[in-house]
Protein chains: 2
Amino acid sequence: MDPNPESAVLIEPVALVRSPFEEKFGIPRQPGLVEAAVGEVRLLPPYSDPAMLTGLDGFSHIWLIFQFDRCVSQGWRPRVRPPRLGGNAEVGVWASRSPFRPNFLGLSVVRLLEVVLQPEPLLRVAGIDLLDRTPVFDIKPYIPYADAQRDAQGGFAHTSPGRHAVVRFCAQAEQDLAALPDPERMRALVSEVLALDPRPAYRRGAEPDRLYGMRLAGRNVRWRVLADAVEVLDLGPADD
Amino acid sequence: MDPNPESAVLIEPVALVRSPFEEKFGIPRQPGLVEAAVGEVRLLPPYSDPAMLTGLDGFSHIWLIFQFDRCVSQGWRPRVRPPRLGGNAEVGVWASRSPFRPNFLGLSVVRLLEVVLQPEPLLRVAGIDLLDRTPVFDIKPYIPYADAQRDAQGGFAHTSPGRHAVVRFCAQAEQDLAALPDPERMRALVSEVLALDPRPAYRRGAEPDRLYGMRLAGRNVRWRVLADAVEVLDLGPADD
């Protein structure tokens, strides 16, 4: 009966995330920051039986336990430099939500928009901060009385990160947006992502004209950060 | 680069829980319900380097991702009968926090009382709902702005479960308490656990004189549920 604490455990994906975030750069640092980041949690057999989802639609939010699978090959680090501390100060990995952690497990709460049963069971979710094709190992309903700790103190990450007030699309970007199937949805996604200023901390304040690019929802989004706004230059097709 | 969603992943315990809950019966159904349930999260090498804990003491709460390891041998179930629905109605396992779930992963937020570095690194935590010797696979700081969803709707488990107003200790129980090293701590633990009425739903209202027993913090606690109160009969030594 006595479990062996040293023993490793084999877990397998129960679902796969489809997300507009196709590379790590630009992903919000926590879930819920970009409400326009809508994705899908596609259940994998044998965990996709619709009977397993009965009653889930009564919950507004769900937890996803996943693996930062694209970080595994780089290994975990005992100390990390959280972006919230400017990328300079170190903390222990257990005091952080860094992906470079033992077992590379991640935890995100996302808004549950819809439980879809046909043709394949999937959950439509908003506010995701996960890379496309992230493997999910558990899905749990968010239980407010247990999970929402209203008196919690959050150390160096207590409050939500600041946002840029203005994200501006220049003429070429407007033209690129107009050619997309759902321009306003993409405008909202790009605006919310860039308002969070995904630049690494050491870049901030340096090289004001520097051009940044990220692959997002199948487009290559390019922008720069000006004194008073973020300016989106274009949204060209993404290279495969 | 493309991950294989079908592939299983090996994870290993980073810590082991020491808890007053030595059997499943009586464990609160969510964390935070029994503040007097104080335990330890003992880090295991190579994940116990004190440098990995720097900065954690600034957080009031932590997440534990663990495995319901004593449930694995019984297998997971696609549908479950949550105690909150009286043990009759079924829901899908993805709509529940049942331990009998694929991968058997659990998620609990607990209050961080103290980060202890010597002689062995451990975290003193309160409000635990974990079985003694539960293996922990990840420890994360609770980040209020991301984790505390104030507008979340919690389906059938939205509000905290009810409690019995009165837990009474009879003469033998008082005598047993008085012989313990910390009687008031044990009184608080027993009172908070029994106020939640750990009886299975199908027992409620039936057999009012039935005697219940649970192993808790090294004692065998026996009680019965009366119309107006829970009565603790004795706290004898637990059999090993």
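1. Start with how the two chains meet. Every one of the interface residues of chain B, 100%, is also an interface residue in chain A, so the copies meet through the same surface. Keep in mind that you're looking at a predicted model.

2. How many residues go into that contact? There are 69 from chain A and 69 from chain B. On the side of chain B that touches chain A, the elements giving two or more residues include β1 (9-11), β4 (61-67), β7 (105-116) and α1 (144-147) of chain B. The largest share of that side comes from β9(B), with 6 residues. Sort the residues of this side of chain B by type and you get 41 nonpolar, 17 polar and 11 charged.

3. Now try turning one copy onto the other. Chain B superposes on chain A after a rotation of 180 degrees, with 0.0 Å of shift along the axis and an RMSD of 0.0 Å. The two copies are thus related as by a two-fold rotation axis.

4. There's also strand pairing across the chains. Strand β1 (residues 9-11) of chain A pairs with β1(B) in the antiparallel sense, over 3 bridges. Look for A:Leu10 here: its bridge partner in β1(B) is B:Leu10.

5. Next, have a look at β4(A). Is this strand mostly covered or uncovered? It's mostly covered, as 7 of its 7 residues are buried. Both faces are covered: A:His61, A:Trp63, A:Ile65 and A:Gln67 are buried on one side, and A:Ile62, A:Leu64 and A:Phe66 are buried on the other.

6. Which strands does β4(A) pair with? One is strand β7 (residues 105-116) of chain A, antiparallel over 7 bridges, where A:Ile62 stands opposite A:Val110. Another is strand β9 (residues 135-141) of chain A, also in the antiparallel sense, over 5 bridges. In that pairing, A:Ile65 stands opposite A:Asp138.

7. Just ahead of β4 sits a residue to click on: A:Asp57, in the loop between β3 (38-43) and β4 (61-67) of chain A. A:Asp57 has 13 C-beta neighbours inside 10 Å, so it counts as partly exposed. A:Asp57 and A:Glu114 are 57 residues apart along the chain, yet their C-alpha atoms are separated by 7.1 Å.

8. Finally, how confident is the predictor? For the complex it gives an ipTM of 0.92 and a pTM of 0.92. Chain A averages a pLDDT of 91, and 96% of the residues score at least 70. Go carefully with residues 1-5 of chain A, though: the pLDDT there is below 50, and this stretch has 7 contacts in the model beyond near neighbours in sequence.

Notes:
Residues are numbered from 1 along each chain as its sequence is written. Chains are lettered from A and ligands numbered from 1 in the order in which they are written. This is a predicted model: local features need pLDDT of at least 70, side-chain atom pairs count only at pLDDT 80 or more; totals for chains, interfaces and linings use all residues. Two residues are in contact if their C-beta atoms, placed from the backbone, lie within 7 Å. Helices (H or I, at least four residues) and strands (E, at least two) are DSSP runs, numbered from the N terminus. Ala, Val, Leu, Ile, Met, Phe, Trp, Tyr, Cys and Pro count as nonpolar, Asp, Glu, Lys and Arg as charged, and the others, Gly among them, as polar. Two strands pair if DSSP finds at least two bridges between them. Copies are superposed by least squares on the C-alpha atoms of residues with pLDDT of at least 70 in both. pLDDT is the predictor's confidence in each residue, from 0 to 100. A residue is buried if 20 or more other C-beta atoms lie within 10 Å of its own, exposed if 12 or fewer, and partly exposed in between; C-beta atoms are placed from the backbone.
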